[in-house]
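In this notebook I keep what I looked up in the structure, beginning with a pair of aromatic rings and ending with a pair of helices.

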Amino acid sequence: MSDATLHATTRDPDDFAVQIADQVESFLVAVTEVAKGDEPGSAVPFLLLEVSQLLLAGGRLGAHEDIVPDERYEPDTGPDADVDELRENLARLLDPVDVYSEVFDPYEPRTAPVPARLSDDIADVITDLRHGMAHYRAGRVTEALWWWQFSYFSNWGPTASAALRALQSVLIHVRLNQPLEELDGLDTDQSMGDETLEFEAGKVMAQEIGGPLGIRRGQ
């Protein structure tokens, strides 16, 4: 979608709402393209870049004063678009580094890490962002900003932050030639208990991600 269509009314490109909407739209378009799987070897660095840029928009929303919607009740945007295909494509694309371990609240004492999936996280973020974009495209700019800010705090911000750490960790292990140990069957429907667990990667990760990045394994 072109800027002319996205910003149907004439808006100042320096306007806060326009900049946030542009960053959201850029993420939606880029991740949809990545999920097609045309460049599997570049999926992780591309996602790292896109999530990092999205979190800049999130940080701006988070630092902004509370945005109050124009209407008392949120207008109906219709059913949210199905993200199952995108989720499944990302899961195939990111295998075997899709599952990782995450601590939901770093300020909660003695919180045990739990398994999560990058594909689930990114699909959930997409759902939140699309919902706000539906308001924006309908001309309800304040409603869109309110939703993006609210869901940044309640869901997509922490989710995207967790995904960013996982994506960054993958590239750190690849570039520093530190293969990850196999995750011995851990999945998102299992409890991690008190053990220290690492998500799956190893030689397959190095071959599928490191190779296309031009990174040679140590002898």
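I began with W147 and F150, which both lie in helix α6 (residues 141-175), 3 residues apart, about one turn of the helix; helices here are DSSP runs (H or I, at least four residues), numbered from the N terminus. I note that this is a predicted model, in which local features need pLDDT of at least 70 and side-chain atom pairs count only at pLDDT 80 or more, while totals for chains, interfaces and linings use all residues. Residues are numbered from 1 along each chain as its sequence is written, and side-chain values use heavy atoms, with hydrogens and water left out.

I then looked up the rings, taking Phe, Tyr and Trp (its six-membered ring) as paired if their centres lie within 6.5 Å, with planes under 30 degrees apart counted as stacked, over 60 as edge-to-face and the rest as tilted. W147 and F150 form a tilted pair, 5.9 Å centre to centre and with 50° between the planes. By this rule I have a count of 6 aromatic pairs. For W146 and W147 the ring centres are 6.1 Å apart and the planes stand at 55°, so this pair is tilted. Ring pairs thus link W146, W147 and F150 into a cluster.

Next I checked exposure, where buried means under 20% relative accessible area, exposed over 50% and partly exposed in between (1.4 Å probe, protein chains only). W147 is buried at 14%, whereas F150 is partly exposed at 42%.

From W147 I went on to H131, which is found in helix α5 (residues 118-137) and is buried, with a relative accessible area of 11%. Leaving aside neighbours within four places in sequence, H131 is in contact (heavy atoms within 4.5 Å) with E74, T77, D80 and W147.

Last, I looked up helix α2 (residues 16-35) and helix α3 (residues 43-63), which pack at an angle of about 160° with their axes 10 Å apart. The axes are lines fitted to C-alpha atoms over the stretch in contact, and angles run from 0 to 180 degrees between N-to-C directions. I therefore entered α2 and α3 as roughly antiparallel to each other, a term for angles over 145 degrees. Residues making the contact include F16, I20 and F27 of α2 and F46, L47 and L54 of α3.

Terms used. Helix = DSSP H or I, 4+ residues; strand = E, 2+ residues; numbered from the N terminus. Parallel < 35°, antiparallel > 145°, perpendicular 65-115°, else oblique.
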